[in-house]
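User: I am new to this structure and would like the terms used for it explained. Please give the reasons behind each one.

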Amino acid sequence: MPDIHTRPHPDATVAAALDRLPRERLPELLRRIPKAELHIHIEGSLEPELIFSLAARNGVALPYDSVEALRAAYAFSDLQSFLDIYYAGASVLLHEADFHDMAWAYLQRAAADGVRRAEIFFDPQTHTERGVPIGTVIAGLSAALTKARAELGVDADLILCFLRHLSEEAAFETLDAALPYRDHFIGIGLDSSERGHPPSKFERVFARGRALGLHVVAHAGEEGPPAYIIEALDLLQTERIDHGVRCVDDPALVARLAAERMPLTVCPLSNVKLCVYPTMAEHKLPALLDAGLCATINSDDPAYFGGYMNQNWLDTFAALPQLGAREAWQLAANSFEAAFADADRKAAWRAEVDRVVLEVAG
Ligand code: HPA
Ligand code: ZN
């Protein structure tokens with residue numbers, strides 16, 4: 001069993017560079033440091049401008065007059081108030097090219113933010129319920145990922161998420177429908193309305209996914225209690241927890257997550273926009289890192305929450321003076337540790353992290 005001592009440490013040269021890096025150069029480090037994004041819903045990257053242009057292309061009527069009117073509706077009080085608008089926005093996605101264009105736009109932004117590895121959630125049920133075949137969704141997304149590997153140097157894969165407000169039977173049907181495309185996704189996840197939909201509801205479909213050799217993650221402890229995180233670990237046997245920030249309400253769970261180096265894919269701007277924390281200054285990321293957790297920074301739904309990867313990194317560090325260059329290195333190293341990629345690629349990205357630190361520190 002790994003313990004907190006297995007948390008990665010910079011070697012002595014890199015540690016010295018991190019310690020001498022002046023605070024005014026921190027934003028440059030945050031922008032340039034190579035990183036993995038492990039919690040991004042591709043439908044949450046759909047910008048208002050693209051929603052309007054796809055609506056026009058596909059003849060879909062929108063309940064908003066303009067991009068500005070739509071953007072003005074992005075004032076959320078909790079997860080559900082966001083999900084209602086997020087599912088409405090996805091209604092413009094009909095054809096393979098629409099899914100491609102959405103993912104390609106995201107991947108270009110990710111590349112510009114120093115993202116080397118992206119593990120991208122998609123919600124097939126949001127589309128199949130509207131009559132869009134799952135093959136159309138996967139073909140469009142996959143084409144963009146293939147192009148990104150070749151043209152952007154971003155290594156990306158897909159994770160299929162089940163909507164937890166729907167039944168386990170519907171999740172089984174979705175997994176069955178996706179099996180002809182098994183080579184096009186690497187894992188399964190669980191998202192949508194958390195409260196009242198515990199991980200235990202999906203125990204059997206996750207067992208099936210594991211038997212198929214798929215990676216397993218689940219949203220837990222975003223709005224839901226620590227008990228949902230424990231269920232995700234024990235019943236779904238997840239390899240990462242998405243969000244997970246409410247673990248802080250259960251010190252024994254925090255100790256377990258640290259001891260197991262169980263990654264948490266934390267999404268700081270999302271947490272503030274959905275009122276998990278009143279302000280960024282109150283975010284618990286510093287405490288999670290201090291406790292030895294494998295916490296990472298991610299954008300969740302960047303078109304809705306005020307920014308992509310680098311905006312999340314910049315805003316988080318700006319609001320939390322406890323976070324400095326050491327923590328930037330730790331968060332980047334954690335992101336590659338937590339990624340579902342082979343050891344050689346992870347080692348290459350880690351070496352690149354160190355090279356960038358030495359360059360920025362001068
Ligand atoms: N939580 C749950 N479901 C979601 C989210 C989220 O932050 N984003 C998109 N679907
Ligand atoms: Zn999410």
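The exchange below takes up the ligand, the core and the annotated domain of this predicted model.

User: What makes the pair formed by His41 and ligand 1 a polar contact?
Analyst: A polar side-chain atom of His41 lies 3.3 Å from a nitrogen atom of ligand 1. The cut-off for a pair of N or O atoms is 3.5 Å, so this pair is a polar contact.

User: Which polar side-chain atoms lie by an oxygen atom of ligand 1?
Analyst: An N or O atom in the side chain of His243 is 3.3 Å from an oxygen atom of the ligand. For Asp300, the value to an oxygen atom of ligand 1 is 2.7 Å. Both values are within 3.5 Å, so these are polar contacts too. The protein covers 100% of the 260 Å² of accessible area that ligand 1 has on its own.

User: Which residues surround ligand 1?
Analyst: Among them are His41, Phe82, Tyr86, Asp191, His219, Glu222, His243 and Asp300.

User: Why is Tyr304 called buried?
Analyst: Tyr304 belongs to the largest nonpolar core, of 123 residues. Membership requires a buried residue, so Tyr304 has under 20% relative accessible area. Leu29, Ile120, Tyr304 and Trp313 touch the most other members, and helix H17 (residues 325-338) gives the most to this core, with 8 residues. Apart from it lies another core of 6 residues, including Phe121 and Phe340.

User: How do you know where the adenosine deaminase domain lies?
Analyst: The unreviewed UniProt entry annotates residues 34-355 as "domain: Adenosine deaminase". In the model, that span is 50% helix and 14% strand, and its end C-alpha atoms lie 10 Å apart.

How values were computed. Residues numbered from 1 in each chain as written. Chains lettered and ligands numbered in written order. Predicted model: local features only at pLDDT ≥ 70, side-chain atom pairs only at ≥ 80, totals over all residues. Heavy atoms only, no water. UniProt positions renumbered as here; feature names shortened; annotations may be inferred. Helix = DSSP H or I, 4+ residues; strand = E, 2+ residues; numbered from the N terminus. Core = buried A, V, L, I, M, F, W, Y, C linked by side-chain atoms within 4.5 Å. Buried < 20%, exposed > 50% of the residue type's maximum accessible area, 1.4 Å probe, protein only. Near = heavy atom within 4 Å. Polar contact = N/O pair within 3.5 Å; in protein donor to acceptor, adjacent residues only side chain to side chain. Areas by Shrake-Rupley, 256 points an atom, 1.4 Å probe, with all protein chains shown as cover.
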